[in-house]
Amino acid sequence: MQARKAIGLIDRLERRSGKISSIMAFSIFDKMVAPILYYGAEVWGYERNDNIERVHLSFCRKVLGVGSKTSRLAVLGECGRYPLFVNYFVKCIKYWLKILKMENDRYPKGCYNMLLELDTNGRQTWVTHVKQLLFRYGFGYAWINQGVGCEISFTRSFKMKLKDCYIQEWSADIHNSSKLTTYSGFKSLLQIEKYLFLPVPYKFKSVYARLRCSNHSLMVEYGRHHKVDYCNRLCPICLDKVETEYHFVLECTAYSDLRDKYLPVRYCHAPAYY
């Protein structure tokens with residue numbers, strides 16, 4: 001796949017020049033990889049494509065330094081990234097608007113009119129999917145009118161609605177995920193985390209990301225994989241509390257000296273992540 005080859009070029013760049021910043025990595029992805037993934041999206045970009053989303057997620061996991069099984073919701077949340085369907089849905093709608101402005105003697109407009117007639121007769125075509133996409137996000141009036149006033153304003157509003165709907169979906173899925181119970185306690189906004197900007201070695205950022213995203217070997221996660229009841233996923237040191245990320249960082253007696261050394265007293269005296 002051409003997109004993975006482009007990602008391979010980024011890997012070679014890092015091997016020669018050292019690890020690049022997260023912001024630069026995402027900027028290169030958006031300029032070098034994403035256009036390859038979006039190729040022909042005007043035709044097929046009316047529904048989510050799992051293969052394309054997997055390439056994006058794989059790259060985000062690589063930037064964070066987390067495992068391949070790390071939660072999709074946490075990975076996108078840490079990176080502050082929206083799924084790629086937000087962009088290729090917009091491309092599809094932009095192409096539809098472009099066709100509407102064409103003269104009737106143009107081949108694309110002639111094909112569109114034929115597809116429109118087939119859709120009216122109950123056949124499912126590209127036109128049908130565009131119509132469903134518009135109605136799904138509350139822009140059915142544009143289909144009924146077969147046009148919009150200001151295209152720039154319309155596409156901006158359409159893209160914003162896609163983002164808003166995804167944020168609601170993302171937030172609901174995080175709060176309903178048993179794996180991300182701790183994560184849902186401190187993560188509420190879909191935006192890139194500040195630690196990714198810090199001038200610290202990549203390995204430290206990776207460790208921090210793994211802890212935040214539940215990609216670790218604490219008992220709460222180990223027990224989940226081995227079908228141990230939640231109440232039995234006890235800390236091997238304390239033996240009386242479930243070894244969650246919260247317990248590991250703020251409560252476990254094994255790390256009291258490190259906690260006293262590196263954490264402010266207010267966090268240790270009355271620990272809470274809310």
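This passage walks through the salt bridges and a nonpolar surface patch of a predicted model. Residues are numbered from 1 along each chain as its sequence is written. Local features need pLDDT of at least 70 and side-chain atom pairs count only at pLDDT 80 or more, while totals for chains, interfaces and linings use all residues; side-chain values use heavy atoms, with hydrogens and water left out.

Searching the whole structure turns up ten salt bridges (a side-chain nitrogen of Lys or Arg within 4 Å of a carboxyl oxygen of Asp or Glu). E193 pairs with K187, with 2.4 Å between the closest N and O atoms, and both E193 and K187 are buried (under 20% relative accessible area, 1.4 Å probe, protein chains only; exposed is over 50%, partly exposed in between). E193 also meets R212 in a salt bridge, at 3.5 Å from N to O. That pair links distant parts of the chain, since R212 sits in helix α12 and E193 in the loop between α11 and α12, 19 residues apart (helices are DSSP runs of H or I, at least four residues, numbered from the N terminus). R212 is buried too, like E193. A network of salt bridges links E78, K187, E193 and R212.

Elsewhere, E251 and K241 form a salt bridge, their closest N and O atoms 3.8 Å apart. E251 lies in the loop between α14 (245-250) and α15 (256-262) and K241 in the one between α13 (219-225) and α14, so the pair ties together parts ten residues apart in sequence. E251 counts as partly exposed because its relative accessibility is 26%; for K241, also partly exposed, the value is 40%.

Technical notes
Helix = DSSP H or I, 4+ residues; strand = E, 2+ residues; numbered from the N terminus.
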